[in-house]
Amino acid sequence: MSVHIKSPSGEASVEISLHGATLLSWVLSGKELIFLSKLANASNPTSGKGIRGGIPIVFPNFGPWECGPQHGFARGKVWTCVQNTGHCVVLELTSDEETKNIWNYDFKLTYTVTLNGHSLETSLSVDNLGTEAFDFTTLLHTYLRVPAVQNIRISGLENIGFHDSLTKKYIEGIDGDIQGINENVDRVYANTPNIHLLKFDETHIKVEKTNLPDTVLWNPWSDKAKGMNDFGDDEYLEMVCIEAGKVAERQFLEPSENWQCKQVLTA
Ligand code: TA6
């Protein structure tokens, strides 16, 4: 089950699945800018599992999690659409018996997606509805579609050190744009600038984040692509994940407190 919105001018459209409130598609002037695996099975997603591609919502934990599934349960749950103005849609996920069996806290997530001209705004609000404080990490796991990942450039991460999730080592920052990806890359950059620019061919996609201090950069490359049954063996060549998150440090939320974050993609 999906919901659709269009920009006021009609040149952009977005599709969002109620499964995980996963944004599946962002078409601007006839061009698809979001990567969704051809094996993603978005029309019949597996309960509890994320859809491979789009913008999955990682909550309440980024990465492996001793309480439940990697990247948390939010991307595997069915959300509720509470508003659709045609240009803006609001979806909610509230704690239930299933989530509380995994993570025993009362919460409400409110996800707002707004199309405006060449910009796609996604904001997430977290409410602590319970009587106990909780802490979480969260991230928008954005899969961007590119014609050839070896030919992309990414600016905004220069001179920023990162945790290499493959070697578990900290790597000092390097000067200049990231020029192409030619191997498995899985990096957590902490405290990054709020603007990154992805460039390929004549296309520039600006990633602008608010209250999401960290950035994850990921491409599975060929071996890991082959190891994913919901990802085509060669699809690693046409995608890159630039993921805005609050993952390096946990976010604490007292009872009745609210926390918000936002990402704006502009092409
Ligand atoms: O994007 C970073 C990452 O944590 C990678 O380590 C890789 O696991 C990726 O997410 C995909 O994770 P998933 O659980 O969706 O297969």
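**Group meeting: a walk through one protein chain**

Okay, let's start from the outside: the protein chain exposes about 11600 Å², and carbon and sulfur atoms supply 46% of that area. Keep in mind that what you see here is a predicted model.

Now, what is the chain built from? It has two helices and 21 strands. Its radius of gyration is 18 Å, close to the 18 Å that the globule rule gives for 267 residues, so the chain is as compact as a globular protein of that length. If you lay the C-alpha trace along its principal axes, it spans about 50 × 45 × 35 Å.

Let's go inside. Of the 267 residues in the chain, 54% are buried. And take the contacts with a separation of 6 or more: 65% of them come from residues 24 or more positions apart.

A quick word on charges. The chain has 22 positive and 34 negative ones, and their mean positions are 3 Å apart.

Last topic, cysteines. How many disulfides does the structure hold? Zero. Just as a reminder, a disulfide is a covalent bond between the sulfur atoms of two cysteines. So why is Cys81 not in one? Because the closest cysteine sulfur, in Cys88, is 9.6 Å from the sulfur of Cys81, and that's too far for a bond; the cut-off is within 2.5 Å. Cys241 is in no disulfide either, with the nearest cysteine sulfur, that of Cys261, 17 Å away.

And are these two buried or exposed? Cys81 counts as partly exposed, because its relative accessibility is 29%. Cys241 sits at 0%, so it counts as buried.

Technical notes
Residues are numbered from 1 along each chain as its sequence is written. This is a predicted model: local features need pLDDT of at least 70, side-chain atom pairs count only at pLDDT 80 or more; totals for chains, interfaces and linings use all residues. Side-chain values use heavy atoms; hydrogens and water are left out. Buried means under 20% relative accessible area, exposed over 50%, partly exposed in between (1.4 Å probe, protein chains only). Helices (H or I, at least four residues) and strands (E, at least two) are DSSP runs, numbered from the N terminus. The radius of gyration is taken over C-alpha atoms; the globule rule is 2.2 Å times the number of residues to the power 0.38. Contact means heavy atoms within 4.5 Å. Accessible areas come from the Shrake-Rupley method with a 1.4 Å probe; for residues, only the protein chains shown count as cover. Lys and Arg count as positive and Asp and Glu as negative; His and the chain ends are not counted. The place of a charge is taken as NZ of Lys, CZ of Arg, CG of Asp or CD of Glu.
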